[in-house]
Protein chains: 2
Amino acid sequence: MSDHASCLVAKLSNFAELTEDDQRLLARLEEDTRSYPANHTVFRGGEGVDNLYVVKRGWLFSSSALEDGRRQVMMIHNPGDIIGLPHLPFRRSLHDLSTSTPVELCPFPKDSLDTILSRSPRLTALLFAFSMVEQAVLFDRLQAIGRMRARERVCHLLLSLRSRLRLTNDVEKGFSMPLNQTVIGDALGLTNVSVSRVMTGLEQEGVLTRGSSWLWIHSPEELSQHVEFEERYAHLDTSWFPSETSAST
Amino acid sequence: MSDHASCLVAKLSNFAELTEDDQRLLARLEEDTRSYPANHTVFRGGEGVDNLYVVKRGWLFSSSALEDGRRQVMMIHNPGDIIGLPHLPFRRSLHDLSTSTPVELCPFPKDSLDTILSRSPRLTALLFAFSMVEQAVLFDRLQAIGRMRARERVCHLLLSLRSRLRLTNDVEKGFSMPLNQTVIGDALGLTNVSVSRVMTGLEQEGVLTRGSSWLWIHSPEELSQHVEFEERYAHLDTSWFPSETSAST
DNA sequence: CGAGGTGTTGAGTCATTTCAAGTAGAGTGG
DNA sequence: CCACTCTACTTGAAATGACTCAACACCTCG
């Protein structure tokens, strides 16, 4: 929505004002950039991973497969996301990280966080808060998978993706959605076949239009009639954040 | 496993050494104590909640219900847990909080965190890390619900509960498990009926013994043969934590 | 033009749910 | 101490939503 050079700064600025110093701290995370092709595995679960990543461009997802191949997609990552916070307390990565499109990632070492932790309690609070927002989205998906029918699950995910993208993109006239139906199914505890049936149905009913890697939700309000959905990216309560004052250098 | 007065300190001490100052900061969170009876709703989703809670005694769970009553249990809370971090960035609570047993909670205001954020980057990192561990447990349950059969889901949850309890209790010869089958089902995306069938089967096969509100898993290794389960509470990688040095008062 | 990835559609199968009835145990009050 | 009540759990039979299997259509890319 804004003209920040960094998607991360753009995303976070939706929720709290960032000081110059905070922006500098964040900029350090994006000093290095690496490119990966589509359908590429960046790392696998169980590997030692010392880096976190800021997503600069492209779509990725984290997933984990059981021995017999059954796969669960855990998170879907968009530009501005920080990938890897959940792996932080572990020696080995929890999940596979795979690209859906060509991608640019900015890797930075775990240690880089300690500067933020030590120098900017306020930025720490913001990162923590956003991490909790993502957890809230996860809770919502848990409920979708655990307690909703196939059609509801799909509607829920589409609304969720749209609401996340709205932080950095215009989605009113459609948006890029480069996830195939197998990935969508694996995110929702469904098969690609069920996803296909639902999406075909939704398109025939006229609630959405699909292109390849592209989706237009005509009216989110109408789609919301098919499922209980809660917006999580609206406002943050920042009242508990520490004040700006802190150690500096 | 240790003789700390506070379950919270006991739990966190499993993962990192706490300085005197850190322990004092944590003690402040437990100054106030309130009691609630079993099967009581502490707060409901959508209410404004300005407090977080440290669990001192008893079992609780967070859940969320759809309009038609379908309910998803999101988290199960034990002594030593901090309840409410996921609600932090929101004005209104995300979930209902209900007790399964008589409970003692220590409420503390959101604002209390800013002292920790400002004064102890290291403790902040620890709390953040533990929050990510809980998120990892959540990911595991997401996979269980999304991609496992009823029997696997139940085995997974039982192993998960046991491994959590091991942080503060002896579980070798059984442990208290005051969750009825409806709650277990709601945590796993199953009905109470399915849970009953699975548990009855497991008991008949001799892998576990049940009492009312009590469970003995004879051999976790044997139970693990029925499901892929990963221990998440083992060690934390604390290498990225900021050093002790920080502002003080 | 062939290959591979992706999506669609139909028919049959199956795990879990739903519905329903019944048992067991804990707590209460007469 | 015995009904009485309530909640939790069990068990069977029938219903069902999603899965599996399989064939086919479409598109992109080399």
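This is a short talk on one protein chain, from its overall build down to three residues.

Good morning. A reminder before we start: the model is predicted.

Let's take the whole of chain A. Its secondary structure comes to eight helices and eleven strands. Along the principal axes, the C-alpha atoms fill a box of roughly 60 × 40 × 30 Å.

What is the radius of gyration of chain A? It is 18 Å. A compact globule with 249 residues would have a value near 18 Å, so chain A agrees with that expectation.

Now, inside and outside. Buried residues make up 59% of the 249 residues. The accessible surface of chain A is about 10300 Å². Carbon and sulfur atoms account for 45% of that surface.

Next, contacts. Take the contacts between residues at least 6 apart in sequence. Of these, 73% join residues at least 24 apart.

And charges. Chain A has 26 positive and 32 negative charges. The mean positions of the two sets are 5 Å apart.

Let's zoom in. Please find Thr99(A). This residue sits in strand S7, which covers residues 96–99. Is Thr99(A) buried or exposed? Its relative accessible area is 1%. Buried means under 20%, so Thr99(A) counts as buried.

What does the side chain of Thr99(A) reach? It reaches the backbone oxygen of Pro37(A), at 2.7 Å. A polar atom of the Thr99(A) side chain also lies 2.9 Å from the backbone nitrogen of Asn39(A).

There are further contacts. Leave aside the neighbours within four places in sequence, and Thr99(A) is in contact with residues including Tyr36(A), His40(A), Val42(A) and Trp59(A).

Now follow that link to Asn39(A). This residue is in the loop between strand S1 (34–36) and strand S2 (41–43). Its relative accessible area is 68%. The cut-off for exposed is over 50%, so Asn39(A) is exposed. So here a buried threonine, Thr99(A), has a polar side-chain atom 2.9 Å from the backbone nitrogen of an exposed residue, Asn39(A).

Look at the backbone of Asn39(A) too. Its phi is near 55°, a positive value in a residue other than glycine.

One last stop: Ser213(A). Where is Ser213(A)? It lies in the loop between strand S10 (208–211) and strand S11 (214–217). Ser213(A) is not a glycine, yet its phi is positive, at about 60°. Its relative accessibility is 45%, and Ser213(A) counts as partly exposed.

That's the tour. Thank you.

Note on methods
Residues are numbered from 1 along each chain as its sequence is written. Chains are lettered from A and ligands numbered from 1 in the order in which they are written. This is a predicted model: local features need pLDDT of at least 70, side-chain atom pairs count only at pLDDT 80 or more; totals for chains, interfaces and linings use all residues. Side-chain values use heavy atoms; hydrogens and water are left out. Helices (H or I, at least four residues) and strands (E, at least two) are DSSP runs, numbered from the N terminus. The radius of gyration is taken over C-alpha atoms; the globule rule is 2.2 Å times the number of residues to the power 0.38. Buried means under 20% relative accessible area, exposed over 50%, partly exposed in between (1.4 Å probe, protein chains only). Contact means heavy atoms within 4.5 Å. Accessible areas come from the Shrake-Rupley method with a 1.4 Å probe; for residues, only the protein chains shown count as cover. Lys and Arg count as positive and Asp and Glu as negative; His and the chain ends are not counted. The place of a charge is taken as NZ of Lys, CZ of Arg, CG of Asp or CD of Glu. A polar contact is a pair of N or O atoms within 3.5 Å; within protein, one must be able to donate a hydrogen and the other to accept it, and residues adjacent in sequence count only if both atoms are side-chain atoms.
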